[in-house]
Amino acid sequence: MAKLRKLANRTKELEIFLQMAQGKHDCRIMLIEGESGMGKTSLLSRFRQQCPDTVKYVPFDCKGLDSIAAFLSEVVNDLGRAQFPIFEKKLRTFIQGSVDFSENDIAAQTISIAINGTSLDPQAQEHRLRQLHDAFFDDLEKFEHQIVIVLDTYQMANESLQNWIESTWLRTVKRRLKKVVTVVAGKSIPDPNHLVWGDKCTPFILTPILDEKAWYEFCSDLPEYCKLPEPTVKTIVLLAEGHPSNVIQTLSLIAKKWSA
Amino acid sequence: MVSIEELLKRVQQAETETERQWILLELQMSQMPHDLVSMLWAAAIPHFFDANILAALRPELAEQADKLYEKLKTLTFVEEFPKQGYNIHELTRNVLLNQLWQQDKDEFLRLSERAADYFFSEKMSSEEDVEFCYHEILNEGDAQTGRLLDRGFDWWTYNQIERLQAAVQGFREHETADRLDAFGKGFSLHLQGIVKIRSGHYAEAESFFSRAETFYNTINLKNPRYITTLLRDIGRSKQEQGDYDSSVYFYENALLISEEQLGENHLDTSFSLNSLAGLYQNKGRYDEAESLYLRALKIREEQLGENHPDTATSLNNLSGLYQNKGRYDEAESLYLRALKISEEQLGKNHPDSAISLNNLAVLYQNKRRYDEAESLYLRALKIREEQLGKNHPDSAISLNNLAGLYENKGRYDEAEFLCLRALKIREEQLGENHPDTATSLNNLAELYKSQKRNSEAISLLERWKAIKRKRQETQNKSYADRIWTLGKLYEKCQQFPQAVAAYEETLFLFNHLLDPKHPQILVLKAELARLKKNMKKVKK
C-alpha cells in the first residue's frame with residue numbers, strides 16, 4: 001500500500017518529482033491532493049520550471065471541457081502529431097466524409113466525433129474509445145525520451161474522464177509506458193490505494209505551511225516582500241495558520257502598506 | 001485606510017477560514033478603483049471570462065472592458081483558463097459568489113441572466129454551451145422560457161453526453177452553495193437521469209427521474225414541457241427495458257398533460273403522440289398507432305408546414321406502420337412525399353434523403369419490384385459513401401440491404417462481396433461484439449447456407465451465438481430458431497454431438513417460450529429422437 005507523506009513545506013515533492021522525471025525513482029505516478037489555496041498549481045509551475053530540458057513536459061488542465069478527447073488531443077499536439085502515426089491512422093478510420101485533417105493540430109472536437117459519432121450507441125462508443133486509446137498508447141510507448149504528463153484541477157474532470165484516468169490511463173502508465181511519468185493534482189485525486197497501480201504511486205497531501213523560517217526565506221527572495229521584518233512574517237504565518245493563499249494575500253496587503 | 005495593526009487584528013479575530021478569506025479579499029478590494037471592483041464581482045459569475053464576456057456582464061462599463069480585463073489579469077488570484085481567457089481562482093471565486101449571494105441576490109441573478117444570454121448567443125465552443133446552462137438554471141425557475149430544456153434535448157439528440165455531464169457538474173456546484181430553487185433541483189436531477197439512461201443504468205435513471213418529479217410537483221410549473229419531457233423520459237427508460245405496460249402509462253400521462261396544458265395542436269403533443277404510437281407499433285397495436293401517427297403528422301403539417309423535415313419524419317413513421325400492415329400502396333405514397341421533402345429541403349445528397357430512399361427501396365423489395373429497389377439502394381449507398389464515408393456504419397446498412405436484394409435474385413457472388421464489406425465495416429467501426437456485427441454475421445451465414453457452404457455458415461453462426469450469449473439475448477424465439485438452424489447445419493456436416501447439443505438447447509428454450517403442444521416442439525422432439533437413434537446405429 002502507498003504511504004502518505006505530510007510535509008512542512010514543498011521541497012520534498014519537488015525532489016521526488018525530479019527523480020521521477022529523470023527515471024530515477026521506482027514510481028512513475030504522483031498524486032497531489034490539497035484544499036483550494038494550498039498551492040497545488042504553484043507547485044506544478046515549479047515542477048515545470050525545474051523539469052530538465054531533456055524531458056518533455058505536457059500540462060493538461062481539467063477545468064476546460066474536460067473530456068477524454070481533449071486529453072488525447074492535448075498530448076498528441078504537444079508531443080507532435082507526427083509522433084502519433086498509429087493513432088492518426090485509427091482516427092481516420094472513424095472520421096470520414098468532410099472532416100478536415102489539414103490543420104497542424106488534431107482538434108479535441110475531431111477526436112470527440114470519432115469516439116461518439118452522431119448516433120452511436122454506448123457499446124460502439126466504447127469500442128472506438130478502446131481502439132483509439134490503444135493506438136495512442138502504442139505510439140506513446142515508442143518514445144525514447146522521458147515524458148511528464150500533468151493533470152491539474154482533477155476534481156473538475158467529468159465522470160467519464162475520471163473513470164478513464166483511474167481505470168485505463170494510470171494502469172497503462174504503470175504497465176506499459178515506461179518513459180512516461182504522470183502527475184495528478186486536485187482537491188480530490190484518484191484513490192492512492194488502487195489495486196492495480198496503487199503500489200506504484202507516490203501520493204502527497206498538501207497541508208498548511210507552518211514553517212515560519214521557510215516563509216521568511218521565501219520572502220527574502222522576493223523584491224516585493226524582502227523588506228518585511230522576520231517577526232512580521234512570523235506573525236502573518238501564525239495568523240493565517242500557514243494557509244498559503246491567505247499568507248500570500250496578507251503579505252501582499254502588508255507589503256503595500258509597508259512601502260507606503 | 002486600515003492600519004497594519006488593525007488588519008492583523010481583524011485577521012486574528014476571524015472565526016472561520018471563509019471569514020478570514022473574505023476579510024483579506026475585502027481589504028484588497030478596498031484598495032482597488034470602484035470600476036475594477038465592480039468588474040471583479042461580475043467576473044466571478046462565470047467560470048471563465050474575457051473582455052467580451054465582461055462587457056456583456058457590465059454593459060455600463062462596456063467601453064472600459066478591455067482595460068479592466070487587463071487589470072484583472074494582473075491580480076494574484078486570477079489565472080489563465082485554457083482556450084477561454086482567464087478565471088478567478090476557485091477559492092476566491094467561491095468567497096465572492098457566497099458574499100454576493102448573501103449581500104445582493106438580485107444582483108447575482110441579474111449578472112447570471114446576462115451571462116446566460118451572452119453564452120446562449122455565443123455557444124461556439126462546448127464550454128460556452130455548457131456555461132449557458134450553468135447560468136440559465138438560476139433564472140429559469142421564474143422565467144421558464146424552455147431554453148434550458150431545448151439544450152438538453154439537443155445534447156440528447158446529438159449524443160453529446162460529455163456536455164450533459166458537464167452541465168450536471170455545474171448544477172451540483174450551485175446546489176452545494178444552496179443556490180438552486182425547487183425547479184433547479186428538479187431539472188438537475190432530470191438531467192442526471194438522462195445521463196444514466198444513455199449508459200443503460202435504468203434503475204439509477206428512474207430514481208433520479210422520480211426525485212425530479214417530486215420537485216416539479218412542489219412548484220407551479222409554468223412551462224409544462226418540463227414535466228411532459230420528464231414523463232416521456234421515464235417512459236423511454238421503461239420501454240428500453242421491455243416494460244411496455246409501464247411505458248404506456250407514462251407516455252399516456254405525458255400526452256394528457258401536453259393536450260390539456262399546451263393544446264391539442266402543440267408540437268410537444270406531437271412528441272407524446274409519436275412516443276406512444278411507436279410503442280403501440282412495437283406491440284402490434286397497429287390501429288391505435290395509426291391514429292396517433294396521423295394526429296402527430298397533422299400537428300406538424302399545421303405548425304411547421306407540409307414541407308418541414310420534421311413532417312417528413314412523421315411521414316416516414318406512418319409509412320413504416322403501413323408497411324408492417326401490408327398496406328404497401330399507401331406506404332409508397334407517403335415515402336415518396338417524405339423523399340420529396342428531404343430532397344427539396346435538405347438536398348438530393350443529404351443523408352436524410354438516403355434514409356427515405358432506403359425505406360422506399362425496402363418497400364419495393366417486399367413487393368418484389370427488385371429493379372426499382374436496386375436502383376434506390378444504389379442511390380442511397382452512393383449518398384452515404386460520399387457524404388458520410390465508405391466505412392461509415394450507415395454505409396454498411398446500405399451494403400447489407402443491397403446484399404439481401406442480390407441474394408433474393410440469386411446473385412450470390414455479389415451478395416457475398418457486399419456482406420463481407422458490411423461485416424468488416426461493422427467489426428472495425430462498432431466492435432466485434434456489437435449487435436449490428438452480429439446481424440452481419442447472421443446475414444452472411446444465411447447466404448452461405450443458401451449456397452450449401454455449411455461449415456462456413458456454422459463458423460459464422462457460432463460467432464453470432466457467442467455475441468448473443470455475451471449480451472444475454474438468448475431468452476427469445478428468434479435466438480432459439482437460429483440455434484435450431486445451427487443444429488441442422490451441424491447435422492448436415494455430420495457433426496452429430498454438436499447437432500444434438502444445439503437441438504437440446506433449442507428444446508430447452510422452446511419449453512420456456514412456447515406452449516408444450518406447439519407444433520415446433522413436437523417436430524423438434526422428433527428430430528432429436530431420430531438423430532440420437534441414428535447416432536446409436538452408427539456406433540453399433
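In this predicted model, the loop between α10 and α11 (182–198) of chain B is home to B:D178. This residue is not a glycine, yet its phi is positive, at about 60 degrees. That goes against the usual pattern, since most residues other than glycine have a negative phi. B:D178 counts as exposed because it has just 8 C-beta neighbours inside 10 Å, and the cut-off for exposed is 12 or fewer.

A similar story turns up further along the chain. B:K452 sits in the loop that links α23 (435–450) and α24 (454–470) of chain B. It, too, is a non-glycine residue with a positive phi of about 60 degrees. With 9 C-beta neighbours inside 10 Å, B:K452 also counts as exposed.

B:D268 is another matter. It belongs to helix α15 (residues 267–282) of chain B, and its 23 C-beta neighbours inside 10 Å are why it counts as buried; the threshold here is 20 or more. Setting aside neighbours within four places in sequence, the contacts of B:D268 are B:R225, B:T228, B:S258 and B:L262. As for B:Q144, it is 124 residues from B:D268 in sequence, with 15 Å between their C-alpha atoms.

Over in chain A, helix α4 (residues 85–94) has A:F87, A:K90, A:L91 and A:F94 buried. These four cover an arc of only 105 degrees around the axis, so they end up on the same side of α4(A). The spacing fits the general rule: an α-helix has 3.6 residues a turn, so residues three or four places apart point the same way. What do the buried residues of α4(A) pack against? Within chain A, the partners are α3 (68–79), α5 (108–116) and α6 (122–141), and α22 (412–429) of chain B joins them.

That brings in the contact between the two chains, which takes 36 residues from chain A and 40 from chain B. On the chain B side, α1 (4–13), α2 (17–30), β1 (78–81), α6 (90–103), α8 (126–143), α10 (161–176) and α22 each supply at least two residues. By type, the chain B residues that touch chain A come to 17 polar, 14 nonpolar and nine charged.

Chain A itself is assigned two domains, domain 1 (5–206) and domain 2 (212–259). Their C-alpha centres are 35 Å apart. Where they meet, four residues of domain 1 are in contact with five residues of domain 2. The domain 1 side of that contact has three polar residues, one nonpolar and no charged.

Methods
Residues numbered from 1 in each chain as written. Chains lettered and ligands numbered in written order. Predicted model: local features only at pLDDT ≥ 70, side-chain atom pairs only at ≥ 80, totals over all residues. Arc of directions from axis to C-beta. Contact = placed C-beta atoms within 7 Å. Nonpolar A, V, L, I, M, F, W, Y, C, P; charged D, E, K, R; others polar. Domains from an automatic or database assignment.
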